[in-house]
Amino acid sequence: MCGIVGYIGHREAYPIIIKGLQRLEYRGYDSAGIALYDGESIKLSKTKGKVADLKEKLENEISTSGTLGIGHTRWATHGVPNDVNSHPHYSNSGDLVIIHNGIIENYDSLKKELINRGYTFKSDTDTEVLINLIEDVKKNENLKLGKAVQIALNQVVGAYAIAVFDKNKPNEIVVAKLGSPLAIGIGEDEYFIASDASPFIEFTKNAIYLEDEQMAILRRGKDIKIRKIKTDALVDPYMQELQLNLEQIEKGGYDHFMLKEIYEQPSAILDTFRGRLLSNEAVIKLAGVEDNMKKFLAADRIIVVACGTSWHAGLVAEYIFEDLARIPVEVEYASEFRYRNPVITEKDIVIAISQSGETADTLAAIKLAKSKGAFVFGVCNVVGSSIARESDAGAYTHAGPEIGVASTKAFTTQITVLTLMALRLARAKGTMSSSEFRHHLIELETIPGKVEEALQSDAYVKTVADIYKDSKNCLYLGRGFNFPVALEGALKLKEISYIHAEGYPAAEMKHGPIALIDEQMPIIVIATKKGHYEKVVSNIQEIKSRKGRIIGIVTKGDVSVKELADHVIEVPETIECLTPLLTTIPLQLLSYHIAVMLNKNVDQPRNLAKSVTVE
Ligand code: M6R
């Protein structure tokens with residue numbers, strides 16, 4: 001986690017860095033800091049709190065002029081969030097300054113060695129250890145900064161995206177990457193550095209994404225030099241043209257990114273299947289699947305690895321793949337899978353699902369699966385992300401940037417890609433007739449319009465939110481394809497409103513959670529027609545007999561649930577396997593409105609960060 005930004009060139013660095021940090025705040029927001037070189041010395045300011053707090057403090061504290069600078073927004077790992085532990089960090093001499101995203105795992109032993117050599121430390125961070133290690137190497141061997149960074153990094157175990165500069169050589173910034181993302185924007189006689197391209201999108205469309213174990217020296221007025229950290233070999237820079245635009249990363253009139261992203265779902269889902277779903281020709285085109293069809297058809301099973309919301313999308317995929325394509329699927333928390341010594345063979349296909357493509361546990365899980373010979377297929381949103389690059393093949397979700405920490409459009413677009421995959425494989429395996437297949441394609445094509453319709457319940461959902469906003473606990477129930485939606489609904493509520501919520505398969509309720517039900521307990525039950533409708537209605541009756549307060553998510557025109565529930569929120573009708581794409585919408589809106597009514601920070605909930613790049 002953490003966001004890093006840097007600039008060297010001919011413009012004032014401060015406005016670029018502060019705005020860039022605001023855009024990267026989704027990565028961590030417990031403290032922030034900036035170091036600027038003003039032509040004579042380094043001006044450094046940092047504080048616990050948000051980038052807005054830094055801005056206020058800094059503009060009263062230091063001069064903000066200078067054309068070289070680095071900045072950081074933190075999600076604490078080593079050391080509590082406070083001013084001292086915030087980045088940037090100085091080396092002991094005060095000559096070098098660093099920002100860092102990642103974790104130096106062997107920092108403790110390195111720190112002890114440095115203390116033995118007379119170094120002192122102000123903070124509890126692993127980063128301060130790294131900058132002093134760099135200084136030590138530089139001083140002892142009388143090296144240039146780039147070489148010292150390289151030698152120091154070869155002694156380090158862990159993950160990093162770093163930017164370092166030396167006040168005595170204010171014409172260069174040295175950057176390096178392993179495990180954490182680092183993008184370099186290339187302008188005219190200027191370089192931008194950031195954890196993703198959003199901080200420099202209005203200045204340049206040309207970017208280089210550093211690969212793991214690469215470092216670069218960015219010199220004013222000179223071409224970029226990229227080297228491999230281990231071997232010192234020079235690497236040809238691979239420049240990409242960014243597709244991102246400014247509108248995509250701004251709120252566009254919405255109060256919060258989360259609400260904007262909820263409302264973007266019709267177009268995001270459309271973008272996900274655009275050019276891939278050709279219903280007139282009854283064809284699904286997914287290059288990653290097509291090119292590896294033999295592997296998919298020969299696979300014994302599919303193992304999904306993911307975390308959080310992406311794990312929930314994986315659970316929906318389990319139902320869809322097994323139902324449509326008759327392929328056994330196991331869905332694993334990446335964090336458990338990677339340490340469990342799992343049985344994996346060359347006949348397994350591992351699907352890694354990740355919005356950011358940077359989640360450390362998911363990345364480690366696919367590395368493990370690859371080392372055991374499995375074929376890895378990535379379903380990511382962020383183009384060029386680590387998981388996308390590490391996978392053998394994949395399909396992007398094309399959801400566009402998701403900035404709200406609570407995933408919304410990432411979930412529905414992941415389900416869309418996974419549904420396309422399941423349908424394509426079902427056709428190839430012959431587990432679906434051509435008319436069924438065509439029917440599914442036509443129905444999938446109607447989903448963006450139906451999501452639009454589901455969004456029209458927003459005002460009513462808000463009135464429901466007002467009634468239940470003060471609840472202390474909440475239960476979410478669903479069955480079949482909608483059991484994972486119940487889990488996702490509960491996750492959304494807890495992460496942004498801090499109300500305790502649990503998701504359960506509806507029938508499992510009587511094996512324990514039913515004991516929680518009383519007049520105070522709101523229970524959100526997904527009870528769409530088809531599937532297990534009658535069974536869910538019986539579950540609702542059981543809740544009613546125990547005086548629970550029922551909010552039903554029902555198919556338009558439903559009568560039975562309406563008679564039992566305190567409130568019903570309607571979604572349009574669709575085929576069973578596609579219902580998660582619709583039932584999710586009112587649950588997202590409900591969580592959103594409750595969190596806003598409780599005055600919580602919807603886009604940046606406490607203790608969380610958008611991409612979890614630490615394990
Ligand atoms: O980027 P990823 O999809 O790999 O992220 C996985 C989880 O960290 C993420 O889904 C998290 O659970 C969200 N905050 C949920 O809203």
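In this predicted model, the shell of residues around the ligand draws at least three residues from each of two domains, namely domain 2 (251-432) and domain 3 (455-603). These two belong to a protein chain that is divided into domain 1 (3-248), domain 2 (251-432) and domain 3 (455-603). The C-alpha centres of domain 1 and domain 3, for their part, lie 45 Å apart.

The ligand is surrounded by 15 residues, of which Ser310, Ser354, Ser356, Thr359 and Glu495 come nearest. When the shell is sorted by class, 8 of its residues are polar, 5 are nonpolar and 2 are charged.

Several side chains place polar atoms opposite oxygen atoms of the ligand, and the distances can be given one by one. For Thr359, an N or O atom of the side chain is 2.4 Å from an oxygen atom of the ligand, while a polar side-chain atom of Ser354 lies 2.6 Å from a ligand oxygen atom. In the case of Lys492, the distance between an N or O atom of the side chain and an oxygen atom of the ligand is 3.0 Å. Taken alone, the ligand would expose an area of 410 Å², and the protein buries 92% of that area.

The space that the ligand takes is the second largest pocket. Two helices, α10 (308-325) and α17 (483-497), are the elements that give two or more residues to the shell around the ligand.

Conventions. Residues numbered from 1 in each chain as written. Predicted model: local features only at pLDDT ≥ 70, side-chain atom pairs only at ≥ 80, totals over all residues. Heavy atoms only, no water. Near = heavy atom within 4 Å. Polar contact = N/O pair within 3.5 Å; in protein donor to acceptor, adjacent residues only side chain to side chain. Areas by Shrake-Rupley, 256 points an atom, 1.4 Å probe, with all protein chains shown as cover. 1 Å grid on protein atoms, 1.4 Å probe; cavity = no way out; pocket = protein on both sides within 12 Å on 5 of 7 lines; lining within 4 Å. Sits in = over half its atoms within 2 Å of the grid points. Helix = DSSP H or I, 4+ residues; strand = E, 2+ residues; numbered from the N terminus. Nonpolar A, V, L, I, M, F, W, Y, C, P; charged D, E, K, R; others polar. Domains from an automatic or database assignment.
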